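Hi,

Here is the assembly I said I'd pass on. Have a look at it first, and my notes on the chains follow below.

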10 protein chains.
Amino acid sequence: MSGRQQQEMQNVTLLGHQGVKYPMTYTPEILESFDNKHPYRDYFVKFNCPEFTSLCPITGQPDFATIYVSYIPDIKMVESKSLKLYLFSFRNHGDFHEDCVNIIMNDLIQLMDPKYIEVWGKFTPRGGISIDPYCNYGRPGTKYEAMAEHRLLNHDMYPEKVDNR
Amino acid sequence: MSGRQQQEMQNVTLLGHQGVKYPMTYTPEILESFDNKHPYRDYFVKFNCPEFTSLCPITGQPDFATIYVSYIPDIKMVESKSLKLYLFSFRNHGDFHEDCVNIIMNDLIQLMDPKYIEVWGKFTPRGGISIDPYCNYGRPGTKYEAMAEHRLLNHDMYPEKVDNR
Amino acid sequence: MSGRQQQEMQNVTLLGHQGVKYPMTYTPEILESFDNKHPYRDYFVKFNCPEFTSLCPITGQPDFATIYVSYIPDIKMVESKSLKLYLFSFRNHGDFHEDCVNIIMNDLIQLMDPKYIEVWGKFTPRGGISIDPYCNYGRPGTKYEAMAEHRLLNHDMYPEKVDNR
Amino acid sequence: MSGRQQQEMQNVTLLGHQGVKYPMTYTPEILESFDNKHPYRDYFVKFNCPEFTSLCPITGQPDFATIYVSYIPDIKMVESKSLKLYLFSFRNHGDFHEDCVNIIMNDLIQLMDPKYIEVWGKFTPRGGISIDPYCNYGRPGTKYEAMAEHRLLNHDMYPEKVDNR
Amino acid sequence: MSGRQQQEMQNVTLLGHQGVKYPMTYTPEILESFDNKHPYRDYFVKFNCPEFTSLCPITGQPDFATIYVSYIPDIKMVESKSLKLYLFSFRNHGDFHEDCVNIIMNDLIQLMDPKYIEVWGKFTPRGGISIDPYCNYGRPGTKYEAMAEHRLLNHDMYPEKVDNR
Amino acid sequence: MSGRQQQEMQNVTLLGHQGVKYPMTYTPEILESFDNKHPYRDYFVKFNCPEFTSLCPITGQPDFATIYVSYIPDIKMVESKSLKLYLFSFRNHGDFHEDCVNIIMNDLIQLMDPKYIEVWGKFTPRGGISIDPYCNYGRPGTKYEAMAEHRLLNHDMYPEKVDNR
Amino acid sequence: MSGRQQQEMQNVTLLGHQGVKYPMTYTPEILESFDNKHPYRDYFVKFNCPEFTSLCPITGQPDFATIYVSYIPDIKMVESKSLKLYLFSFRNHGDFHEDCVNIIMNDLIQLMDPKYIEVWGKFTPRGGISIDPYCNYGRPGTKYEAMAEHRLLNHDMYPEKVDNR
Amino acid sequence: MSGRQQQEMQNVTLLGHQGVKYPMTYTPEILESFDNKHPYRDYFVKFNCPEFTSLCPITGQPDFATIYVSYIPDIKMVESKSLKLYLFSFRNHGDFHEDCVNIIMNDLIQLMDPKYIEVWGKFTPRGGISIDPYCNYGRPGTKYEAMAEHRLLNHDMYPEKVDNR
Amino acid sequence: MSGRQQQEMQNVTLLGHQGVKYPMTYTPEILESFDNKHPYRDYFVKFNCPEFTSLCPITGQPDFATIYVSYIPDIKMVESKSLKLYLFSFRNHGDFHEDCVNIIMNDLIQLMDPKYIEVWGKFTPRGGISIDPYCNYGRPGTKYEAMAEHRLLNHDMYPEKVDNR
Amino acid sequence: MSGRQQQEMQNVTLLGHQGVKYPMTYTPEILESFDNKHPYRDYFVKFNCPEFTSLCPITGQPDFATIYVSYIPDIKMVESKSLKLYLFSFRNHGDFHEDCVNIIMNDLIQLMDPKYIEVWGKFTPRGGISIDPYCNYGRPGTKYEAMAEHRLLNHDMYPEKVDNR
Ligand SMILES: [Ca+2]
Ligand SMILES: [Ca+2]
Ligand SMILES: [Ca+2]
Ligand SMILES: [Ca+2]
Ligand SMILES: [Ca+2]
Ligand SMILES: [Ca+2]
Ligand SMILES: [Ca+2]
Ligand SMILES: [Ca+2]
Ligand SMILES: [Ca+2]
Ligand SMILES: [Ca+2]
Ligand SMILES: [Ca+2]
Ligand SMILES: [Ca+2]
Ligand SMILES: [Ca+2]
Ligand SMILES: [Ca+2]
Ligand SMILES: [Ca+2]
Ligand SMILES: [Ca+2]
């Protein structure tokens, strides 16, 4: 079979191994990366993660969100099964919505050193109000830093209709 | 549990206390704030509030709206349960739609001194017409003032379909 | 102008009078009726009421719902502006969702003595769960009693998608 | 050209004549019929009429609705351009929503003597409430009378979502 | 390759031959059938045909519709490419909407002698009104005749929302 | 009650008076304004008007549209009930779609002298085609003139899906 | 305040107490009930629960679902906050989708002894396939047993569109 | 962990083993079953399978469909990963749409001997027409045979809107 | 009647005349224009044309599309009934999708000499793929030429979801 | 027939020939081009391809996606049937999502040497996460290179809602 070869994927230890344990505490070290085969080009990769859940740090009640992660890779790319397990590790973790998206982005910057990245969380309501934090990042001193500022400046000018149903 | 600790939240008196009284008159002083843990980064927080209701100042009839609040925090952030109680305090308050969104934004600026903030109200129809006021603000003398002007200039170029059903 | 004449509407005191006061407590006596001009035929009238709000009897927090009322008139029909004011009178009233829909239906039976009536409330979520009570009624000892049983038996076999957003 | 021939359509005086005057008062006599070419079979014809408007008999304000008409023809069928002009004639006519649908159905029964017919009006809201009357009819003493009762019994068990936007 | 073999398909002359001419006049004889491999079971086959167009017999203007055909086969089944060409043959044909659906159903009964069949046309509006005729058929003297009557009796109790946009 | 006081609304003669006559001819002088309480800030007000109807100047047939009006107020703001009555006055008025939106905008400029305004009409189809005219205006010699040019330049790059149903 | 009084709610220990602990293992005993105030009438109560999550018993991976619960109460009704906590207790519980819905229904029958109840789970996909189990129950030896059979017989004849996005 | 235990699942060889080979030809023998833990109750299980693809037996071109499978289990239930692999085995298999759904249902009857089962395939269009076959089955000589006839009789009376986009 | 007068429309020969022949071959000369009454202002007019059909030049099979035309008029405007007849004239015309939109735009430039114009065709699929060509034009040597380049540069960055159903 | 002539299409060998073999391995050489008849103008062509399927290079499981391709042609244009066959050739090919979109774009650049091109893949979820890679290209040293950078900078600021159902 043509395409990605197994030898290119030696750092990928989780994909294709179903016996892997799901982490019960916040575990950023479970994230794995593989090499970008198209470093000659800037392009976007987006992950849609509608199965995110964490706990409220004050009341302990569960929170639910869809997390959207988009980035422009440089040398490394995040492997999707490790991302899944990483997001799972928030399952019994307590933090504010605004903190979760910042933490996720910080961990992915640490892993991949991407040119650009953004994270948007869209949470279900508590007390009739829902919260959607959004953060982004461009590598300092490069044009991607200006890109981050440009995208923040133009962020979400058409809020989606939310009626709590 | 990792994440936000209780000692970081000493100013938060409403969240986690269900016995709190709902205010029966317009009560901006009920708003509470907590500290931004990510002041090193500009990022957006959006609140979706589909359960807003006030009264018409002329006829006394109830008005209903979804209020969208988006802001870039500086030092302080608004706590969501206090925001819920604050919005509840418009329940028996009479004001025009255009005034409500301006007042809400003024009160949140007073509370948080944010870098940037915007408020959009989408009201249900009266007499076959519905009104959707939108206002925004960037801290004067900073790049956020230009941001506010840029976002107003490009505001709502795709009005959502409305058919009163 | 042909159509309904003013003399047919002598019991209708609220429609066309905008100075009417909005009742601040639960006020079933505000409901008004007018005569059915088509008593020779069974037919349905449905009211869609997406602006219903009441209070939780335990916590005092506001609840929001869309209320659907459908009925087959006999001699009397409910006038829509009085229905609006009646539903408004729940604004500061505390009751469980399940009780509200039963009370509304009981009051409309009292007013109109309809052949058949049903009331469905679809509330916004609290704690991640939303509640949708439905009750109906057919005049006892008539075929409409069997109609009520038939419609309950077949009620809501396709629950609408709810995702709290 | 095969299909309907012009000589079959001698009673159709409005279709294909664009100079026809639009009637300024309620004008049931403008309705025209043509012959059913498939009288050997029971089948349904539905008209979707989203451009209906009339006036409130008390306040004079305009009302708007989508009217759905469905029928099983016997000998005669209603011609669609005459139906359009007939519905136009309610434009300056004042009547309650509940009366309009009954009148429309009565006039179409008078014109066509159909085996079965039903009319459903879905109006836009006034005062936050919208009204959707529905009536039907089966020719007395035939199985279509039972059909009408059956369809009324099972009418609208899934009210469409209405949020006034 | 397992599955349908070429020798089973000897009457199918159009599928797989792209040079076939599109008929320029109404051509029911172009319809082709193949054998039902599952005659031991009653089952439904539905065709969704959103690309139907014909002409108005009075004005010559084009009409557009989505045609839905559903049937329970007995011995023969209609081949889909021949159905496509047959429906194409209405392209320059003038007939009323109500006649088109009856003609289509008659031709398919003639071709397949199905146990049961129904045809529903949903046309785009002319003069602000759209027309949706529906007819059905069950083989006379069998239980499918009662099936047709049952389905007509319960036809389209939830007309889809139409707003001409 | 806090909020807008009656003495601020002395020019508002229509709101709260239900006995007002609906004008039967084009009546721009019925428009009323009130004072902007937030002149220290640029902000948008949008009216959604899905109940607009006029007549074709050539054929006399009725036209239907949703009209969207958005503006940035300076000193004066248009009162919504007077806007409703003004739009009603097109009911028996004949004009092309393209002319209606220009006339509405001209009249509102005359009334309010706004900093910026735009009007978009989305009409229902005639002959299978629907027409959506859009015009805008920025006060000449101000930055709002450039704003109008910018918004026209970027207008409607994602036409909404229209299928006439 | 009229409506439900506190003395009617003595068995309700969780609602209004935010300090309640979230159970970390499957905990059916946390369910609480209160008295039905309308036992003279059969009516439906539906809970929409889009925030359900459990674990796969074989692989340990998280599963997500919306759970719909509908029932006709007899003497007792389930209190919604206790239902929320009960469903939370599946968070670290491993079971097949088909087992979860049966267990939930069994526990609610045990708590309330309802006349009728049904539970429908709609899970997110694994391996490109999603599973939606549905079970129901009518009290044996009553008409509600026949009701359960009737509703199963007619269950889900219009599967919702699923495309995994 | 409570719930399903590993020893109950001894016949399940594919779930939890990611190294399993995907079959390259039609392979009904890959289907696996496990025991129903709730045989005391009739209930439904539905599989949504939007990733089905096969080949046209005449032209070799790929076909795509969403397959819906619903059944009432008796003793055995189909394991979902084996179902996934089984459906994958049509990937290079050529058959007509109408044959595919019948074959899938026959193989599942062979595996599970269910009380009731139905299969609905909704294919993407070829030549502007799409085909949606539906078959069902109730165990002969039981009430489930009548159930199958009842559900076929009432099948798909509201065809979903299809516009090929 | 105020508004457009008949004497302003002397070049409009098709609107209001229903006896006009539909052209059977590509007929650009049928297009008619009328005068722009608002030449003092740049504004947009959009036509939504969901009833376009042509033929494939290679296979002769019919193609279907929605065509969107938007332009800024200078002196002349295209009359909509003539546009309808012009688009009809592609009914038996064979051309590639990419050519059709370019030809339509060229003919409208020839007719109106507009300041700016764009044409977007969205076709139904053939072989599982659909094609959506888009072209635009600004009058050379004016700011509208830059406008065309700007709009092409930013064209369609959010392709609508297409699933062929 | 006017329009594209056969002699213009001599390089097109696949369209109109249904006997063409579907390639069983990755086959970029199957792509065919034809001449652009409108080289005097920059315009966009978009292909919507919802029937893309490939294999995971690690596990062999099938992947499904909708692929969107948009480009501005120079001299050559890709013929759609050859594009269909080319995309089919990924059917048994194993590669990561991120690699597939880059490979497709590289092959189309090789074929057509377009001024500008972009490819967006939207895949169905695996393990609860879906991946949507996007890449683009502008001819180096031309304004289209800046265009590519501009479009990447503004890419996908409104991620579509994804809930895995
Ligand atoms: Ca919603
Ligand atoms: Ca209203
Ligand atoms: Ca709406
Ligand atoms: Ca809540
Ligand atoms: Ca929702
Ligand atoms: Ca709505
Ligand atoms: Ca029309
Ligand atoms: Ca529509
Ligand atoms: Ca539409
Ligand atoms: Ca999956
Ligand atoms: Ca979906
Ligand atoms: Ca569609
Ligand atoms: Ca196709
Ligand atoms: Ca095709
Ligand atoms: Ca679609
Ligand atoms: Ca979805």
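Which residue in E2(F) is the bridge partner of Ser130(B)? It is Asn48(F). That bridge belongs to a longer story: strand E6 of chain B (residues 130–138) and E2(F) pair in the antiparallel sense over six bridges. Strands here are DSSP runs of E with at least two residues, helices are runs of H or I with at least four, and both are numbered from the N terminus. Two strands count as paired if DSSP finds at least two bridges between them.

Some housekeeping before the rest. This is a predicted model, where local features need pLDDT of at least 70 and side-chain atom pairs count only at pLDDT 80 or more, while totals for chains, interfaces and linings use all residues. Residues are numbered from 1 along each chain as its sequence is written, chains are lettered from A and ligands numbered from 1 in the order in which they are written, and side-chain values use heavy atoms, with hydrogens and water left out.

Back to chains F and B. Their contact (heavy atoms within 4.5 Å) takes 43 residues from chain F and 42 from chain B. About 3,600 Å² is buried between the two, with carbon and sulfur atoms giving 57% of that; buried area is the accessible area (1.4 Å probe) that two parts lose on being put together, summed over both.

There are three salt bridges between chain F and chain B, counting a side-chain nitrogen of Lys or Arg within 4 Å of a carboxyl oxygen of Asp or Glu. One of them joins Lys46(F) to Asp156(B), with the closest N and O atoms 2.9 Å apart. On the chain F side of this contact, strands E2 (43–55), E3 (62–72) and E5 (116–123) and helices H1 (80–88) and H3 (143–153) each give two or more residues. E2(F) has the largest share, nine residues.

Now the symmetry. Chain H superposes on chain G after a rotation of 72 degrees with 0.0 Å of shift along the axis, at RMSD 0.0 Å (least squares on the C-alpha atoms of residues with pLDDT of at least 70 in both). That is the relation of a five-fold axis. Within chain H, Tyr158(H) has the C-alpha nearest the axis, 7.1 Å from it. Only 14% of the interface residues of chain H are also interface residues in chain G, so the copies meet through different surfaces.

Finally, two pairs that don't touch: chains F and G, with nearest C-alpha atoms 20 Å apart, and chains C and H, where the closest C-alpha atoms lie 13 Å apart.

Cheers
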